[in-house]
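Q: Hi! I'd like to chat through the charged pairs in this one. Can you pull it up?

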Amino acid sequence: MLGVEGINQRIAQIQGHIASLTPAPAIVPQSAGAFAATLDRVVTGAAAPKRAPEPAAALRGGAALRGGVPADLIAYGNGKIPASSLSSINVGNHRLWAPAAQAFQQMSAAATRAGVVLRVTDSYRSYDQQVDVANRKGLYSQGGLAAKPGTSDHGWGMSLDLGLNREAQDWMRTNAARYGFRENVPREPWHWTFTPPR
């Protein structure tokens, strides 16, 4: 009869033999805790836990970007994005390109947990809506607040305007980049644009 030490040695031999028959998993950088969990799943044969989707998960396959805009959106044209490519951001009737909408929802939830309200005043603009805004607010190139119709960031479904108090503006400047959003119009601190990962 084998003692405990003999049993442990035999288990180690069997595990070594099994490891030699199974291809090694891809090595992915991860924290010590995540590594331990992965190792435990490999040893026990358990399935990996499902993770919440990350912002822009749809682009992980390597969607091509042109000037920061996904090629599939460029194919439609600015202000001509079909409803099937837009998603609700769960604020009024506001919509964005699906990965941007998902990222905004995650960012908004984080802001809410921090006691900050992100009030949305504008999101995707069709070409006709861009013409209307340009007529009402004047062109940016002429001192107004609107881009030339057909060139607006809003026409790609990746930008939104936010009604922010000082606390919310500070929160956005500190945290928005984590969710892929950046301030990109110098005279408009309320204008935030989603930047897809490359």
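A: Sure, let's start with Asp132: its relative accessibility is 38%, so Asp132 counts as partly exposed (buried is under 20% relative accessible area, exposed is over 50%, partly exposed is in between, with a 1.4 Å probe and protein chains only). This is a predicted model, where local features need pLDDT of at least 70, side-chain atom pairs count only at pLDDT 80 or more, and totals for chains, interfaces and linings use all residues. Residues are numbered from 1 along each chain as its sequence is written, and side-chain values use heavy atoms, leaving out hydrogens and water.

Q: Which side chain does Asp132 meet in a salt bridge?
A: Arg136, at 2.9 Å from N to O; a salt bridge here is a side-chain nitrogen of Lys or Arg within 4 Å of a carboxyl oxygen of Asp or Glu. Both residues lie in helix H5, 4 residues apart, about one turn of the helix (helices, H or I, are DSSP runs of at least four residues, and strands, E, of at least two, numbered from the N terminus).

Q: And is Arg136 buried or exposed?
A: Exposed, at 55% relative accessibility.

Q: New topic: how many salt bridges are there by that rule?
A: The count is 4. One of them joins Arg125 and Asp161, at 3.3 Å from N to O.

Q: Where do Arg125 and Asp161 sit?
A: Arg125 is in the loop between strand E5 (119-122) and helix H5 (127-137), while Asp161 is in strand E6 (residues 159-163), 36 residues away. Arg125 is buried at 9% relative accessible area, and Asp161 is buried at 6%.

Q: Which residues are linked in a network of salt bridges?
A: Asp122, Arg125 and Asp161.
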